[in-house]
Amino acid sequence: MNLNEYIDHTNLKQTSTYDDIKKLCCEAKKYNFKSVCVNPYYVKYARRLLKDSNVKVCTVIGFPNGYSCLETKVFEANNAIENGADEIDMVININALKNKDYNYVKKEISMIREIAINNILKVIIETCFLDEDEIKKMTEICNETSVDFIKTSTGFGSRGVSLEDLDIINKYKNEALQIKASGGIKNKEYTLKLIEKGATRIGTSSGISIMEGE
């Protein structure tokens with residue numbers, strides 16, 4: 001198993017600096033991680049640093065709470081792609097989901113899917129705030145909107161990913177939908193358990209520790 005190919009090497013800290021992002025990109029090139037995941041502010045910078053590598057640039061939309069208005073998310077997605085993002089991780093409007101406004105949730109995702117038609121799109125559902133029925137519903141919506149990944153967590157919620165989250169998603173997802181597990185993934189042992197459960201992408205700020213088996 002080429003574990004490096006699963007990892008989105010991540011720094012989404014509010015306090016991150018250019019030096020931090022340079023270090024992140026250097027590490028990603030050294031280990032040939034799948035991508036770096038950075039705040040929109042750093043997309044252009046990461047793109048320049050990674051221009052001669054195979055590492056993709058991923059950024060976040062509506063992060064971390066998801067309740068930005070639709071027009072804001074649309075602008076963010078367009079701007080991110082114009083700045084060089086290869087992959088988009090968007091947070092759903094959890095308020096809308098809690099209100100059972102499924103048409104709004106689906107419309108929001110569909111509009112970002114249209115913008116990012118040539119990009120990898122991952123939909124963050126923040127499982128820590130959802131019950132099983134809500135995870136089921138979001139998995140079904142992700143199936144219907146033809147996104148590439150359903151992503152479990154932002155890493156800023158009340159907990160990260162659990163193995164039970166993946167069990168629920170696997171129960172309802174179609175064959176095309178992939179799973180990005182994220183939030184609280186700190187070591188190789190847990191990473192391998194998530195991969196065994198079907199995760200094909202791992203979002204973590206502990207990519208080096210995972211690769212070195214710590």
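This is a short walk through a predicted model, from a central strand out to its charged and aromatic contacts.

Start at strand β1, residues 7–11. Of its 5 residues, 5 are buried, so the strand is largely enclosed by the rest of the structure. The side chains alternate. Ile7, His9 and Asn11 point one way from β1. Asp8 and Thr10 point the other way. Both sets are buried.

β1 has two strand partners described here. One is β8, residues 199–204, which pairs with β1 in the parallel sense over 3 bridges. Asp8 stands opposite Gly203 in that pairing. The other is β2, residues 35–38, again parallel, over 4 bridges. Here the bridge partner of Asp8 is Ser35. Asp8 therefore has a partner in β8, Gly203, and a partner in β2, Ser35, and it belongs to a strand whose 5 residues are buried, so that strand is largely enclosed.

The connection from β1 to β2 runs through helix α1, residues 18–31. Together, β1, α1 and β2 make a right-handed β-α-β unit.

Stay on α1 for a salt bridge. The side chains of Lys23 and Glu27 meet at 2.6 Å, N to O. These two residues are 4 apart in the helix, so about one helical turn separates them. Their surroundings are unlike in exposure. Lys23 is exposed, because its relative accessible area of 52% is over the 50% cut-off. Glu27 is buried, because its 17% is under the 20% cut-off.

That pair is one of 18 salt bridges in the structure. Side chains of opposite charge can pair when their charged atoms come close. Other bridges reach across the chain. Arg201 and Glu87 meet at 2.8 Å, N to O. Arg201 is in β8 and Glu87 is in strand β4, residues 87–91, so this bridge links distant parts of the chain, 114 residues apart. Both Arg201 and Glu87 are buried.

A second bridge also involves β4. Lys151 and Asp89 meet at 2.9 Å, N to O. Lys151 is in strand β6, residues 149–151, while Asp89 is in β4, and their positions lie 62 residues apart in the count along the chain. Lys151 is buried, with a relative accessible area of 3%. Asp89 is buried too, at 0%. These bridges do not stand alone. Shared partners join Asp8, Glu87, Asp89, Lys122, Lys151, Lys180 and Arg201 into one network of salt bridges. Asp8 brings the path back to β1, where it points the opposite way from Ile7, His9 and Asn11.

Another lysine is fully enclosed by the numbers. Lys73 is in helix α3, residues 70–82. Its relative accessible area is 0%, so it counts as buried. Which residues surround it, beyond its neighbours within four places in sequence? Lys73 is in contact with Ile61, Gly62, Gly66, Ser68, Val91, Ile92, Asn93, Glu108 and Ile112.

Now turn to the rings. The structure holds 6 aromatic pairs. In one of them, Tyr18 and Tyr41 are tilted, 6.0 Å centre to centre with 40 degrees between the planes. The pair links distant parts of the chain: Tyr18 is in α1, and Tyr41 is in the loop between β2 and α2, 23 residues apart. Tyr18 is partly exposed, at 40% relative accessibility. Tyr41 is exposed, at 59%.

Tyr18 also pairs with Tyr42. Their ring centres are 5.3 Å apart and their planes meet at 80 degrees, so this pair is edge-to-face. Tyr42 sits in the loop between β2 and α2, 24 residues from Tyr18. Tyr42 is buried, with a relative accessible area of 5%. Tyr45 joins these residues: Tyr18, Tyr41, Tyr42 and Tyr45 form one aromatic cluster.

One last ring contact involves a charge. Lys137 is in helix α6, residues 132–145. It is partly exposed, with a relative accessible area of 25%. Lys137 lies over the face of Tyr102, at 4.7 Å from the ring centre. The two residues are 35 apart in sequence and 8.6 Å apart in space, C-alpha to C-alpha.

Definitions and conventions:
Residues are numbered from 1 along each chain as its sequence is written. This is a predicted model: local features need pLDDT of at least 70, side-chain atom pairs count only at pLDDT 80 or more; totals for chains, interfaces and linings use all residues. Side-chain values use heavy atoms; hydrogens and water are left out. Buried means under 20% relative accessible area, exposed over 50%, partly exposed in between (1.4 Å probe, protein chains only). Contact means heavy atoms within 4.5 Å. Two strands pair if DSSP finds at least two bridges between them. A crossover is right-handed if, with the strands pointing away from the viewer, the path from the first strand over the helix to the second runs clockwise. A salt bridge is a side-chain nitrogen of Lys or Arg within 4 Å of a carboxyl oxygen of Asp or Glu. Rings of Phe, Tyr and Trp (its six-membered ring) pair if their centres lie within 6.5 Å; planes under 30 degrees apart count as stacked, over 60 as edge-to-face and the rest as tilted. A charge sits over a ring if NZ of Lys or CZ of Arg is within 6 Å of the ring centre and within 35 degrees of the ring normal.
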